[in-house]
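Colleague: I would like to go through a model with you and learn how to read its features. Please give the general idea, then the case at hand.

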Amino acid sequence: MLGRSQPAVTRTIQDLEAELGFELLHRIGRRVQLSEEGVAFEEEARRLLMSFTELAARAKMIAAGRGRILQIVTTSAIGTGLIPTALAELQGVELPHETHLGQFLPSIVAQEVRSGRAEVGFSSLPLDTPGLDVLRLYSAPDVAAVREDDPLAELDVVPLSGFAGRRVATLLNPLRFQLHVAKALAARGIDTGPVIRTNTAYGALQIVRKTGVAAVIDPLTAYGVPLPGVVIRPLDVTVLFYWGVVAAANRPLRPVAQALIEAVEAVAERSIAGFRKLDPALAGQLVTDPASGTNHGTGI
């Protein structure tokens, strides 16, 4: 496909791996697959290549008087649960000719905003914030998601003990969102049954809907993307989910970005149970209380 011999391609990859200092590919017999570092490197390379290919198109837009693109980056929960509704209800400002909405992991959201590739970022917290200003900070408690025919759906508040011995759906990354749920369970001596892991809360909701397992998920996805047949209930234990808005330090936002932030906040305030606006200065102090398992800084 490349018009080059297989040995030449192999040598090129080996030279690149030597320069990078890590393996891009794992070779298992005749099979070849990306390493964990290779996956991360590919994502970064694709973003850079996309930037190069878009450069000419953006220049033409500027020449035609269409102005700057509004670049927004967000985590999955916010990008699916809040921003579409906020865009639909945006008032008092006209969107530019093009608006780009990218959904990434929190660390990538920070990188995109810090580098200037995105004007504003919406992310779960805590977050590595050097070079960033946290403009808004919010919290709301995590919730239980069960199918409507589940006995837990008949309760107004789901006890965490209701997950004991049950199959559950949860998230892949054990060091962010799931870490605090696991600590809350462990603090009460609760062991779940077999676990199904997925990389998005929306995926967990779909698994709940199709399989009948139970899940603890973030409130943004739970209230922002309701699914038929899935019931959302508060937990008897407060496990807080934090998120906020970030921008590059000392870089003023355009009115359209400011208006979008206000619209997202308005959607969250009316749709998410337990929503609270917090002082953004507290973003750097989010910690976890290991004794209680209560989350004072989680993400998805």
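Modeller: We take the overall make-up, then a sheet, then some helices, then the aromatic rings. Keep in mind that this is a predicted model.

Colleague: How many helices and strands are there in the protein?

Modeller: The protein has nine helices and 15 strands. Of its 300 residues, 43% count as buried. Among contacts with a separation of 6 or more, 76% are between residues 24 or more positions apart. The accessible surface is about 15600 Å², and carbon and sulfur atoms hold 55% of that.

Colleague: What does the record say about residues 1-35?

Modeller: An unreviewed UniProt entry places the feature "domain: HTH lysR-type" there. In the model, residues 1-35 are 43% helix and 23% strand, and the C-alpha atoms at the two ends lie 23 Å apart.

Colleague: Now the sheet. In what order do the five strands stand?

Modeller: The general idea comes before the case. Strands of a sheet pair through backbone hydrogen bonds, and the pairing is either parallel or antiparallel. Here five strands make an open sheet with the order S9-S8-S10-S7-S11, and its pairing is mixed. Strand S9 (195-198) and strand S11 (230-234) are the edges, each pairing on one side only. On average, neighbouring strands of this sheet are turned by 30 degrees against each other, direction ignored.

Colleague: Do strands S8 and S10 run parallel or antiparallel?

Modeller: Parallel: two bridges join S8 (residues 168-171) to S10 (residues 214-217). Ala 169 has Ala 215 of S10 opposite it.

Colleague: Which helix lies across S7, S8, S9, S10 and S11?

Modeller: That is helix H7 (residues 201-211), which runs at about 35 degrees to S7 (143-147).

Colleague: Which residues of helix H5 are buried?

Modeller: In H5 (residues 106-115) they are Pro 106, Ile 108, Val 109, Ala 110, Glu 112 and Val 113. After H5 comes Gly 116, with a positive phi near 90 degrees.

Colleague: Is Glu 265 buried or exposed?

Modeller: Glu 265 is in helix H9 (residues 255-271). Its relative accessibility is 10%, so Glu 265 counts as buried, the cut-off for that class being under 20%. Leaving aside residues up to four places away in sequence, Glu 265 touches Arg 136, Tyr 138, Phe 275 and Lys 277.

Colleague: Last, the rings. How many aromatic pairs are there?

Modeller: A pair of aromatic rings is described by the distance of the centres and the angle of the planes. The count here is six aromatic pairs.

Colleague: Why is the pair of Phe 22 and Phe 41 called edge-to-face?

Modeller: The ring centres of Phe 22 and Phe 41 are 6.3 Å apart and the planes stand at 70 degrees, so the pair is edge-to-face; planes over 60 degrees apart fall in that class. The two residues are 19 residues apart: Phe 22 is in the loop between helix H1 (6-20) and strand S1 (25-28), and Phe 41 is in helix H2 (residues 36-63). Phe 22 is partly exposed, at 28% relative accessible area, and Phe 41 is partly exposed too, at 31%.

Colleague: And how do the planes of Tyr 138 and Trp 243 make that pair tilted: at what angle do they stand?

Modeller: They stand at 45 degrees, with the centres 5.4 Å apart, so the pair is tilted. Tyr 138 in strand S6 (residues 132-141) and Trp 243 in strand S12 (residues 240-248) are 105 residues apart. Both Tyr 138 and Trp 243 are buried. Ring pairs also link these two with Phe 177, Phe 241 and Phe 275 into a cluster.

Note on methods
Residues numbered from 1 in each chain as written. Predicted model: local features only at pLDDT ≥ 70, side-chain atom pairs only at ≥ 80, totals over all residues. Heavy atoms only, no water. Pairing = 2+ DSSP bridges. Helix = DSSP H or I, 4+ residues; strand = E, 2+ residues; numbered from the N terminus. Axes fitted to C-alpha atoms, helices over the stretch in contact; angles between N-to-C directions. Contact = heavy atoms within 4.5 Å. UniProt positions renumbered as here; feature names shortened; annotations may be inferred. Buried < 20%, exposed > 50% of the residue type's maximum accessible area, 1.4 Å probe, protein only. Phe/Tyr/Trp six-rings, centres within 6.5 Å; stacked < 30°, edge-to-face > 60°. Areas by Shrake-Rupley, 256 points an atom, 1.4 Å probe, with all protein chains shown as cover.
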